[in-house]
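Below are some numbered notes for a colleague who has not looked at this structure before. They are best read with the structure open.

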Amino acid sequence: MTETDVECAKQDEPSQVTATVEIFIMGKRYDVPIGFTIMKAIEFAGYQYIRSCGCRAGFCGACATVYRKGQEQKLHFALACQCLVEEGMYLVQIPFVPANKALYDINDLAPEDNTILTIYPEIARCVSCNTCTKSCPQDIKVMMYIQNSLRGNIAKAAELSFDCIQCGLCAMRCPADIKHYHVSQLARRLRGKYIDPESKELNARLKELEEGKYMDEVDEMMSMDRDIILNLYKKRKIEAQGDLDEGADA
Ligand code: SF4
Ligand code: SF4
Ligand code: FES
């Protein structure tokens, strides 16, 4: 994040700022509009994100943020693109966690009780402090999916961790140095490959991809003018919306 591109930050500035809150970004004080997300407020203050920002929609996990409020001791954890600013926030962005990720070939594994423990033996060091759960901006029962991984309950670990966006905040706090999101990714991979029933639709689509279905359309779009593509995108049929429209006509 740099403090250089004020022009860019001003794009989000409302025409009339009616009320502000005082926040601190890496120790420096700013007044920012009430109702802004932390991400928008940081840009409003004149910073430009060059990392710690991806989807801006709560999905990619890039915008992990730690803050405290006023004179509180407690540290809070949030996604900058989802959490609104509050008076007295002291904010810092976490760029990434330098976590080790095990190398494995999912085709060589089996969904046995000790598969996850063998690949990530550090899960046996969990002291059940629940700090990981308290750090999770997705409200995931993080300790529970680690405990299920430890006990070999792969399906449950995968289910409990389904909403993990790999922000890394749990791993920043764990006294056992567990990298929870890598553990749960393995659980979901094992469940997807070996435990859940095969999806006929997915297999059919994979076959279509291998056979190059729709490649003519893709090639045609690759050669189109940007404005034409933009127009097509705006006019696209949104399936859920289509269903709603059909329901309204009925
Ligand atoms: S923070 Fe680490 S040690 Fe504590 S409950 Fe979570 S996984 Fe276990
Ligand atoms: S489980 Fe950990 S990595 Fe996943 S969303 Fe929660 S805090 Fe982030
Ligand atoms: S930018 Fe992707 S979750 Fe916030």
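1. Ligand 1 is a convenient place to begin. Helix α4 (131–135) and helix α5 each supply at least two residues of the shell around this ligand. Of the two, α5 deserves the reader's attention, since α5 gives the most to the shell, with three residues. Please keep in mind throughout that this is a predicted model.

2. Which residues come nearest to ligand 1? There are 15 residues around ligand 1, and C126, C129, C132, M143 and C174 come nearest. By class, the shell around ligand 1 divides into 11 nonpolar residues, three polar and one charged.

3. Ligand 2 has 14 residues around it, of which C136, C164, C167, C170 and Y181 come nearest. Two elements give two or more residues to this shell, namely α7 (169–173) and α8. The shell around ligand 2 divides into nine nonpolar and five polar residues, with no charged residue.

4. The helices α5 and α8 have now each been named with a ligand: α5 supplies residues to the shell of ligand 1, and α8 gives residues to the shell of ligand 2. These helices also meet. Two packed helices are described by the angle between their axes and the distance between the axes. For α5 (residues 142–150) and α8 (residues 180–195), the axes come within 10 Å and cross at roughly 55°. That angle makes α5 oblique to α8. The crossing of α5 and α8 is left-handed.

5. Which residues make the contact between α5 and α8? On the α5 side they are V142, Y145, I146 and S149, and these meet H180, V183, S184 and A187 in α8. The residues of this contact divide into five nonpolar and three polar, with no charged residue.

6. The next points concern the sheet. It is an open sheet of five strands in the order β2-β1-β5-β3-β4, and its pairing is mixed. β2 (28–33) and β4 (76–79) stand at the edges with a single partner strand each, so one side of each has no neighbour in the sheet. Neighbouring strands of this sheet are turned against each other by 35° on average, direction ignored.

7. At one edge, strand β1 (residues 20–25) pairs with β2 in the antiparallel sense over six bridges. T20 has P33 in β2 as its bridge partner. The strands β1 and β2 form a hairpin with two residues between them, and M26 takes a positive phi near 45° in this hairpin.

8. Do β1 and β5 pair in the parallel or the antiparallel sense? They pair in the parallel sense, over two bridges. F24 has Y90 in β5 as its bridge partner.

9. On the way to the other edge, strand β3 (residues 64–69) runs antiparallel to strand β5 (residues 89–93), and five bridges join them. V66 stands opposite V92 in β5, and Y67 stands opposite L91 in β5.

10. β3 also pairs with β4, in the antiparallel sense and over four bridges. Y67 appears here again: it stands opposite H76 in β4, as well as opposite L91 in β5. The strands β3 and β4 form a hairpin with six residues between them, and G70 in the turn has a positive phi of about 50°.

11. One point may help when following side chains along these strands. In a regular strand the side chains alternate between the two faces of the sheet.

Definitions and conventions:
Residues are numbered from 1 along each chain as its sequence is written. Chains are lettered from A and ligands numbered from 1 in the order in which they are written. This is a predicted model: local features need pLDDT of at least 70, side-chain atom pairs count only at pLDDT 80 or more; totals for chains, interfaces and linings use all residues. Axes are lines fitted to C-alpha atoms, for helices over the stretch in contact, and angles run from 0 to 180 degrees between N-to-C directions. Angles under 35 degrees count as roughly parallel, over 145 as roughly antiparallel, 65 to 115 as roughly perpendicular and the rest as oblique. A crossing is left-handed if the near helix is turned anticlockwise from the far one by less than a right angle, and right-handed if clockwise. Two residues are in contact if their C-beta atoms, placed from the backbone, lie within 7 Å. Ala, Val, Leu, Ile, Met, Phe, Trp, Tyr, Cys and Pro count as nonpolar, Asp, Glu, Lys and Arg as charged, and the others, Gly among them, as polar. Two strands pair if DSSP finds at least two bridges between them. A residue is near a molecule or strand if its C-beta atom, placed from the backbone, lies within 6 Å of it.
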